[in-house]
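Hi there,

Here is the structure I promised to pass on to you. Have a look at it first, and then read on for what turned up in it.

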Amino acid sequence: MVKTQPLSTQAPQTDAAEGDVDLQGDADVQAVLAANRRFYQAVAERDVAGMEALWAQDGDVRCVHPGWPALSGWEQVMRSWRDLLGNSRSPDVRHQGAQAMVCGDIGWVVCEEFVASTALVVTNLFTRSVGGWRMIHHQATPISSIAAFEDASGHEDLHGRPPTLH
């Protein structure tokens, strides 16, 4: 069984590596967490080449930026990152609380992102390749209200009812 913890209401940490949580302690989990850190380093440094090097190029990749439709395929996904990273008005992105899991040749990280004053929950998927772990999916979803999220995490609202999706 995997131990989980709720998303925190604390301010994001300045060093992304400090927020990583290793649930298994094995080398694959550490390698997936390192790939996740490279992703956020590329975002922070607006490093298009670093972002392109991180993503798998020999398979179907997908990306869902907050409020965007799902993007599919390496060219479409990379165009979105080139546009975002090349825009000097794009806000800084920080992350914390990265939790990684590995199952065979697939690894995933769930963490929190902070973009300007917006909190997001993120899932990043990676696949094992000859050159190391490569990203195949990124999805960031806004948390409409951290307090509402924490209320829903108990699987019932203030009146004892389960949370609804809509």
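Serine 80 is a good place to begin: leaving aside its neighbours within four places in sequence, this residue is in contact with His65, Trp68 and Leu71. Please keep in mind that you are looking at a predicted model. Serine 80 is found in helix α3, and its relative accessibility is 3%, so serine 80 counts as buried; the cut-off for that word is under 20%. To find one of its contacts, try histidine 65, which sits 15 residues away from serine 80 along the chain, with 8.9 Å between the two C-alpha atoms.

Now step back to the whole chain. Its secondary structure comes to four helices and six strands. Reading from the N terminus, you will meet the elements as α-α-β-β-α-β-β-β-β-α. The chain has 166 residues, and 34% of them count as buried. It exposes about 9600 Å², of which carbon and sulfur atoms supply 54%. If you take the contacts between residues at least 6 apart in sequence, 48% of them join residues at least 24 apart.

Next, the strands. How are the six strands ordered in the sheet? The order is β2-β1-β6-β5-β4-β3, in an open sheet with mixed pairing. At the edges are β2 (71-72) and β3, each of which pairs on one side only. Here is how the neighbours pair up:

- β1 (residues 62-64) and β6 run in the parallel sense, with three bridges; arginine 62 has histidine 137 in β6 as its bridge partner.
- β5 and β6 are antiparallel over 10 bridges and form a hairpin with two residues between them. Asparagine 124 stands opposite histidine 138 in β6, and arginine 128 stands opposite tryptophan 133 in β6.
- β4 and β5 are antiparallel over 10 bridges, with glutamate 113 standing opposite leucine 120 in β5. They form a hairpin with two residues between them, and alanine 116 in the turn has a positive phi of about 55°.
- β3 and β4 are antiparallel over nine bridges, and arginine 94 has phenylalanine 114 in β4 as its bridge partner. This pair also forms a hairpin with two residues between the strands; in the turn, glycine 104 has a positive phi of about 65°.

While you are there, look at β4 once more: this strand is mostly covered, with seven of its 10 residues buried. A helix also lies across part of the sheet: α1 crosses β3, β4, β5 and β6, and runs at about 150° to β3.

That helix leads us to the core. The largest nonpolar core has 33 residues, and those with the most contacts inside it are Phe39, Met51, Trp55, Val77 and Trp81. Which elements each supply at least two residues of this core? They are α1, α2 (48-54), α3, β3 (93-103), β4 (106-115), β5 (118-129) and β6 (132-142). Helix α1 gives the most, with eight residues. To get a feel for the packing, click on methionine 51: not counting residues up to four places away in sequence, it touches Phe39, Ala42, Val43, Met78, Trp81 and Leu85.

Finally, some rings. A pair of aromatic rings is described by the distance of the centres and the angle of the planes. How many aromatic pairs does the structure hold? It holds two. In one of them, the rings of phenylalanine 39 and tyrosine 40 have centres 4.8 Å apart and planes at 80°, so the pair is edge-to-face. Both of these residues are buried. The rings of phenylalanine 39 and tryptophan 81 have centres 5.4 Å apart and planes at 85°, so this pair is edge-to-face too; the cut-off for that label is over 60 degrees. Because phenylalanine 39 lies in helix α1 (residues 27-45) and tryptophan 81 in helix α3 (residues 74-86), the pair ties together parts that are 42 residues apart in sequence. Tryptophan 81 counts as buried because its relative accessibility is 6%, while phenylalanine 39 is at 0% and so counts as buried as well. Taken together, the ring pairs link Phe39, Tyr40 and Trp81 into a cluster.

Enjoy exploring, and write back with any questions!

Best wishes

Notes
Residues are numbered from 1 along each chain as its sequence is written. This is a predicted model: local features need pLDDT of at least 70, side-chain atom pairs count only at pLDDT 80 or more; totals for chains, interfaces and linings use all residues. Side-chain values use heavy atoms; hydrogens and water are left out. Rings of Phe, Tyr and Trp (its six-membered ring) pair if their centres lie within 6.5 Å; planes under 30 degrees apart count as stacked, over 60 as edge-to-face and the rest as tilted. Buried means under 20% relative accessible area, exposed over 50%, partly exposed in between (1.4 Å probe, protein chains only). Contact means heavy atoms within 4.5 Å. Accessible areas come from the Shrake-Rupley method with a 1.4 Å probe; for residues, only the protein chains shown count as cover. A nonpolar core is a set of buried Ala, Val, Leu, Ile, Met, Phe, Trp, Tyr and Cys residues joined through side-chain atoms within 4.5 Å. Two strands pair if DSSP finds at least two bridges between them. Axes are lines fitted to C-alpha atoms, for helices over the stretch in contact, and angles run from 0 to 180 degrees between N-to-C directions.
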